[in-house]
Amino acid sequence: MKSAPEKPVIPTGNSTPLDWWNRWWRRLPPSRQDRFATLAPLLSVLLFLSAIAVAITYLRYEELEREQEAVTRDVEYAQQRLRLRLLERQEQLMRLAREVDNKEISAEEFEFQAETLISQFPELQAISWVDARRTVAASYTSPSAPVSLMRLKGATMTAAETDGSFELARDLRQPIYSRPLGEDSRQSTLMLQVPLTEQGRFAGTVMGEYSIDGLMRFGMPPEIMARYAVALMDDRGRVLAGSLQSPSTVLRLLPWSAQPLEHEVPVSPVGNGLLLKAQGYRTSQDIVGSGFFWVIGALSALTVWMLLGTWRHTRRRVQAQQALVSETNFRRAMENSMLTGMRALDMQGRITYVNPAFCSMTGWTEGELVGRTAPFPYWPDEDHDQLSARLEDELRGRSTPGGFEVRVQRRDGSIFDARMYVSPLIDPKGHQTGWMTSMTDITEPKRIREELSASYERFTTVLESLDSAVSVAPLGSDEMLFANKMYRLWFGTRGLGHRHLVDLAGNQPTPSPDNGDAVDAFAGMPTETLTDAGAENAEVFVEELDRWLEVRTRYLTWVDGRLAQMVIASDITPRRNAEAQAALQNERAQTASRLITMGEMASSVAHELNQPLTAISNYCNGMISRLNEQRISNEDLLNALDKTARQAQRAGQIIQRIKAFVKRSEPNPMPSDVPTMVSNAIELADIELRRQQVRLSPYVAARLPTLMVDPILIEQVLINLLKNAGEAITQAGRPPGERYVELRVGPRRLENQEVVEFSVRDSGNGVPDEMIERIYEAFYSTKSEGMGIGLKLCRSIVESHHGRMQVQNIYNGEEVVGCCFSFWIPVQSRLTPPLETTEPTTASLPDTERAR
């Protein structure tokens, strides 16, 4: 076990630091003392090795810094020697150029002086006189120079040969050095262009070509060459002359041994195109210093190894000493941390051991319980006889393996329920020395169990009293997991009713019955997704019960982990009957509205029919009189009969249109042509509008899509809106020039769907703002003689086709100059044509059910 951290002892005024350290050391446990005794020498050896390493490293870095300073100084000296040699050659070439400028020498004399310079200074390979047109006027090349440096008199040099130095000398009018030239790095050359002038104009250059290898051999001081590996390089890092050491050739005896000392500088006056680099030769590998370091390191490592071995041996000894203590402490801690009370009895029934949990349960201390015999103080007075019999059975080995329940009395007199388990206590030799009893407080679990039982009883009572049938069954099985009273009343106790309801709802996959090993259709799918999904609803008709049921299903995980399906079926027959009656009343109201509309238009229709009937009478009377007088030909007779027939057809069409409009029929969605519906509505409404002296202006867009609607109902909406518009204009008393109604039909995109919009605009007084929210209410009308069902039916018809209807006033400034009623029908309708069926329930469905 870990010892608690010791608090630091503050030395008093009379104690010395040594006394404080002694007290602190004596308070440490032996294991901690052994650890510190081993770590102190180990730390000392490590600190000694670190000090040696730091000292050697510091001295080595000091030596390297001095060597680096010497390399830098020597390289700068070598660069100055090269610079002076180049400047001397440059001055001689400039003197030669001045003689050419002053025309003091001819081409032959130029070649003679060039030969003299080249023979005196071996690094010069060729000297040429080039005019302003790059033509070689005179040239001399060293016999040892490469063939590429041979300049023939009269030859023209290209820009690539001079690498741009000729142009710079011409532009700057000063000596210009080129970059190192040549593909072969060991035969590269350096070109110097000294400009020539004639009366202030550029007349060419005196071109001197140096061998970079010659500069290295004849311009580098011998003492520098003896101490360093020296090389001339270009700006791309190529070695043009000399040589450098490879880093891999350096022997590194120490991990921090430095690379060869080196320094590089650009060669003046050439510039960065030519670099001088030198590396110091490693004449000594510092074997003495390295050997001293490694000897000390080896001795220190050996010492550390021996200290670690001693520490390991000490740790094993301490671990062996602590094994028994740890085991005892572990078992004691395990007993003390248990929530189960432990009691040991000897063979005579005397208590020999109790753990803290047992004392905590009963309220008696260990000293008060150990050594006691029956009756024990935690026995209730009224249970002494029963508990004594139990104790006798325990001592005789007749206790039940599953334990038994007893009542236990605490020291404060309170009673709690407990369950006891008894097992024999065997010593290491295999002899029984007593009995071990474990006691668990089951008061709270027993209370929870009783509450769960009561809760289940209440839950079952609620489900049994529901008016809905509730059932739960596994997927793909006829086994019933639960069924309430209403389900048993309707379908019995078997699972056929559950499966029948699921099949009618249409949301249960059925496994194939051909294969006995087949699993359900949801095999392999995550059940969490199914159980988290919401309930699904469906309304079905059960012929066996002659009832309409609303079936709600959802998936759930049963108590045994199986995926099951719960079905709740509610009787909605009264609601369906009420909806059917409401749909019938709505249909009758639509028919009554059409009859009222035609009744209001009766005088206009009669006037419209009077014209063809009068024409027919006139044609018949005229033909009779002319036939009596024998003054009519066959051709005139045929013309008159044809006109009579056309007038009769017109009257028949008007009567047929009125008959079709007022005919009472069931809603019949069908693919309908929009222009045809608009034309039929205008044909009936225009009669009333002409009587009211109102001009109708229809605008129908071309290529409108076909709508899935009931054409008679849509025509009824249009006729009602057109008739209301004419009445509004008449009520407003507009002059003839302002009595007009505009009907517009066209495609639009509203609410993320394609629709066809119908709008009727009039020039009346509009709808008062306080009445706009109420004009769609039943039996509310703005006209004194109105019934208040026209706009209500129009809105119901439009919404039954999944459309919307709206109204808004038209303003000219703040003055209301008209009103616009509009509605739209979606192109992609959810309505379907009615199927041919003999079932009477389809006709009685309300509009919302037919829309499904």
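**Exercise 1. Start with Phe376 and Trp379: decide whether they are buried or exposed, then describe how their rings are arranged.**

Step 1. Both Phe376 and Trp379 are buried; that term stands for under 20% relative accessible area, with exposed meaning over 50% and partly exposed in between (1.4 Å probe, protein chains only).

Step 2. A word on the model before going further: it is predicted, so local features need pLDDT of at least 70 and side-chain atom pairs count only at pLDDT 80 or more, while totals for chains, interfaces and linings use all residues. Residues are numbered from 1 along each chain as its sequence is written, and side-chain values use heavy atoms, with hydrogens and water left out.

Step 3. Now the rings. Rings of Phe, Tyr and Trp (its six-membered ring) pair if their centres lie within 6.5 Å; planes under 30 degrees apart are stacked, over 60 edge-to-face, and the rest tilted. The structure holds nine aromatic pairs. In one of them, the ring centres of Phe376 and Trp379 are 5.2 Å apart and the planes meet at 80°, so this pair is edge-to-face.

Step 4. Widen the view: ring pairs link Phe376 and Trp379 with Phe358 and Tyr378 into a cluster.

**Exercise 2. Place Cys359 in its surroundings: which helix holds Cys359, and which residues does Cys359 contact?**

Step 1. Cys359 belongs to helix H9 (residues 356-362). Helices (H or I, at least four residues) and strands (E, at least two) are DSSP runs numbered from the N terminus.

Step 2. Cys359 counts as buried because its relative accessibility is 15%.

Step 3. Contact means heavy atoms within 4.5 Å. With neighbours within four places in sequence set aside, Cys359 touches Val354, Trp364, Thr365 and Glu366.

Step 4. Finally, the C-alpha atoms of Cys359 and Leu369 are 8.5 Å apart, with 10 residues of separation in sequence.

**Exercise 3. Work out the sheet that contains S4: what is the strand order, and which strands form the edges?**

Step 1. Two strands pair if DSSP finds at least two bridges between them. This open sheet of five strands is ordered S2-S1-S5-S4-S3, with antiparallel pairing.

Step 2. The edges are S2 (136-141) and S3, each pairing on one side only.

Step 3. Follow S4 (residues 189-198) to both of its partners. Two bridges connect S4 to S3 (residues 176-177), where Ile176 has Gln193 as its bridge partner and Tyr177 stands opposite Leu192. With S5 (residues 201-211), S4 pairs over 10 bridges in the antiparallel sense, and Thr189 faces Ser211.

Step 4. Look at the turn: the hairpin of S4 and S5 has two residues between the strands, and Gln199 takes a positive phi near 55° there.

Step 5. Check the cover. Eight of the 10 residues of S4 are buried. Helix H3 (residues 107-120) lies across S1 (124-131), S2 and S5, at about 160° to S1; such angles run from 0 to 180 degrees between N-to-C directions, with axes being lines fitted to C-alpha atoms, for helices over the stretch in contact. Helix H6 (residues 212-219) packs on the sheet too, touching S4 and S5, with its direction at about 65° to that of S5.

**Exercise 4. Analyse the sheet that runs from S21 to S25: is its pairing parallel, antiparallel or mixed, and which helix packs on it?**

Step 1. Five strands make an open sheet in the order S21-S23-S24-S26-S25, and the pairing is mixed.

Step 2. S21 (695-700) and S25 (804-812) are the edge strands, and the twist averages 20° from one strand to the next.

Step 3. Between S23 (residues 740-750) and S24 (residues 753-762) there are 10 bridges in the antiparallel sense, with Arg744 opposite Ser759.

Step 4. Helix H19 (residues 674-691) packs on this sheet, touching S21, S23 and S24, and its direction makes about 175° with that of S21.

Step 5. Return to Arg744, which lies over the face of Tyr699, 4.5 Å from the ring centre. The criterion is NZ of Lys or CZ of Arg within 6 Å of the ring centre and within 35 degrees of the ring normal. Elsewhere, the charged end of Arg89 sits over the ring of Phe121, 3.5 Å from its centre.
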